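Visitor: Please pick one spot in the model and go over it closely, contact by contact. Then widen the view to the ring and charge pairs elsewhere.

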Amino acid sequence: MDSITFKAARQAALRKYFSRMNEMQQEAVFTVKGPVLVLAGAGSGKTTVIVNRIANMINFGDAFFSDHEGSPEDISFLTDYAEGRTDDFSTLRDIAAVDPIKPWNILAITFTNKAAAELKERLSAMLGEDALNVHASTFHSACMRILRSEIGAIGFSSDFTIYDSDDSQRMIKNCMAELDISEKQFAPRAALSEISFAKDRMISPEELLEEAGSDYRKKAIAKLYAHYMKRMRAANALDFDDILCYTVRIFEEFPDVLEKYRSRFRYILVDEYQDTNHVQFRLVSLLSKEHKNICVVGDDDQSIYRFRGANIENILGFEDQFEGAKVIRLEQNYRSTQTVLDAANAVISHNTGRKEKKLWTSGEKGDKVLWYKAFDENDEAQFIADTIKENYKKSGCYADNAVLYRMNAQSNTIERALSRAHIPYRIYGGLRFYDRKEIKDVTSYLAFINNHNDMLRFRRIINEPKRGIGDSTLALIEDISRDLGISPFEVISTCDDFAPLAKKTTALKNAAAMFSMLTEKSEELPLDEFLDLLLDKTGYLDYLKTLDNAETKIENVEELRSSVVQYMNTAEEPSLGGFLEEVSLYTEADRDSSEEDRVTLLTIHSAKGLEFTNVFVTGLEEGIFPGTRSQDSEEDMEEERRLAYVALTRAKKQIYLTSASQRILFGQTQRNITSRFIKEIGKELYDKHDNAAAVRSRIQADSDKAVTEVHSSTLQQQLARNKMHAGSAARDTNTYTPGERVLHNSFGAGTIVSVKPLAGDSMLEIAFDDHGTKKIMANYARLKKL
């Protein structure tokens, strides 16, 4: 037999060995030489491809495409193996292998330690001891090993220290103090982020200063950057950005060092390539430039980390950057039904900056997507809770269900609905709403103002933000309070009577005056206005602005205001104590952590890489998802659409989309139009249940049927009140006229200035005697005519 016959026999045997993989997966496994881009769609088995590709490299090398010849006996064995008459792997390897690659010549880079550990574990199962010699690690781990040997070239000692984000922030604060830069003018965390962004772009302090021109802020950041780097060098310390930047710098400035590692890492594989930034691109480009054996695996449609510096152009431009690159598309999905995939394909097809691909499955078509258009956020949350209950009856498993949202603040109303329904849940990668530090801090302020004897809450917030009242002073206050049987508030109010507190009199008196004023105002102001005052006068909101993830923390606090507003709209007699009672009921209901079978609540960013049987994608309204900021540019909108694609492709069986015709978010009522992403899916792929229209007609009709059928329990209570009270807002929607006097149970008496009909309701502009002019929807105002 000729060599072609041998080649065909060998290819058949190798396909048999890797028969668990589909044709395109096999192509990715067998293509060992040269630059390769594997476009791995969601759920297409990319980790399996990576593991098997490395196994093929070590066991068989470039055997599949080789023209290497063999004997008739070899052909006979390969034929027997391909047709299942033998499974002798050792002989297969001996006959088929062509230039097998040494494990230590392979560098496999992943993005997380968890992914690296999983890769090593699966390689060990497949390769045994050979897997131990594969360099499988994160970018940072790989560069750390290089720097421990090579960093002396740029003047650092090899025993350098790594500063984490807290260490870096402390260092930047010291630098700001030394340069007389005010932390009020430049938040340390924000300044550090700008320096980090410059490092991602490989921009030096000098280049950043030149870029700044006459911009005062940019010039100050450039000077701070230079001083920060000087101090870090003096401390023989590196931050996380430096680990990558210094490795690239050494490679660029010392060709002999670069050649050493090029010789070692002859085959490079990078996972999640769509998430790489500029410095990571430079690193792999330098290492692979000579041998060109670089394989990158990723999905441009799942590039959702631009805010962290990820550059989608790295994957979109791979063929231009690496000449002769082979592109392999993995489009067969092993996770989802065809309906789920059709919905995801439909949305992402509206992006122009992408590599064309279309996911498909050999599995079932599946049920249509269900779009529930809720009346408000309570209706939305109640629908989610009720549907999960129905799903549980069918499957007996809560963990099959996941609720995805664009912003953490959205979880608040959903959590409360799940708690009311006694549905166990967990917040993936985060804390439950009322367990988040900023929420516990603010509710502790409220609790102490409501109860001056609450020592636990007092201890939590007296020095949050810093007021110069330390642990030793707190211990003295607690001792005096306990020994004399008086409240901690009384202790700080009369602190000059207690000699041990003499040194802290000014700080304690200031705190006492603040609490005294707030206690007085808590009895005078509506709860939402009081919360605004508290955040201002305590300095807590300004304090949040200086922290890491400030925007998210502030959004959470603003969402607490939504809880206050909702409580005011449903309580017969709203009070601070009543609100705190409601909060404690929700949090206490969640205390049991023994239940493992739980619904998962998570942001869409956190959901990447996960899968669930049923997925709820919530808040699909313009301004929420896609977010307001994404409206600024097509680039931003395409990133938001990729986020929608990620959300949809988490579902294995069923997608539920929810939107609301109005919602209270961050304490403000919003009326947003339906998200473009729902429209992009196409009517043929979803069934729509418009509960918003149904609720409006029921409210207008004000019938017995409306009271029993409205989905939201909050709305149900409102309609019941409407029916009981002849003077309620729903019945009188069409009878309000400017000039009428009305009474609101939170804002007191006022005069109607204007009446504007709106979607089966009326917006009333009311000038309240003591609380200024406010706009209120008539159906939910609970007004009484005077």
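Guide: I'll start with one threonine and then move out to aromatic pairs and salt bridges.

A bit of bookkeeping before that: this is a predicted model, with local features needing pLDDT of at least 70, side-chain atom pairs counting only at pLDDT 80 or more, and totals for chains, interfaces and linings using all residues. Residues are numbered from 1 along each chain as its sequence is written, and side-chain values use heavy atoms, leaving out hydrogens and water.

So, Thr 649. You'll find Thr 649 in the loop between helix 30 (634-648) and strand 14 (651-660); helices (H or I, at least four residues) and strands (E, at least two) are DSSP runs, numbered from the N terminus. Its relative accessible area is 1%, so Thr 649 is buried (under 20% is buried, over 50% exposed, in between partly exposed, with a 1.4 Å probe and protein chains only). The Thr 649 side chain reaches the backbone oxygen of Tyr 645 at 2.8 Å. There's also a polar contact of 2.9 Å between the side chains of Thr 649 and Arg 650. Polar contact here means N or O atoms within 3.5 Å; within protein, one must be able to donate a hydrogen and the other to accept it, and residues adjacent in sequence count only if both atoms are side-chain atoms. Leaving aside residues up to four places away in sequence, Thr 649 touches Ala 42, Arg 335, Ser 336, Ala 344 and Leu 359, contact being heavy atoms within 4.5 Å.

Now the rings. A search of the whole structure gives 31 aromatic pairs (Phe, Tyr or Trp rings, the six-membered one for Trp, with centres within 6.5 Å; planes under 30 degrees apart are stacked, over 60 edge-to-face, the rest tilted). Tyr 273 and Phe 318 pair edge-to-face, 6.0 Å centre to centre with 85 degrees between the planes. They sit 45 residues apart, with Phe 318 in helix 16 (residues 318-321). Tyr 273 is buried at 0% relative accessibility, and Phe 318 is buried at 0% too.

Finally, charges. The structure holds 53 salt bridges, each a side-chain nitrogen of Lys or Arg within 4 Å of a carboxyl oxygen of Asp or Glu. Arg 217 and Glu 194 meet at 2.5 Å, N to O, and Arg 217 is partly exposed at 32%. In another bridge, the closest N and O atoms of Asp 454 and Arg 457 are 2.7 Å apart; Asp 454 counts as buried at 13%, whereas Arg 457 is partly exposed at 33%.
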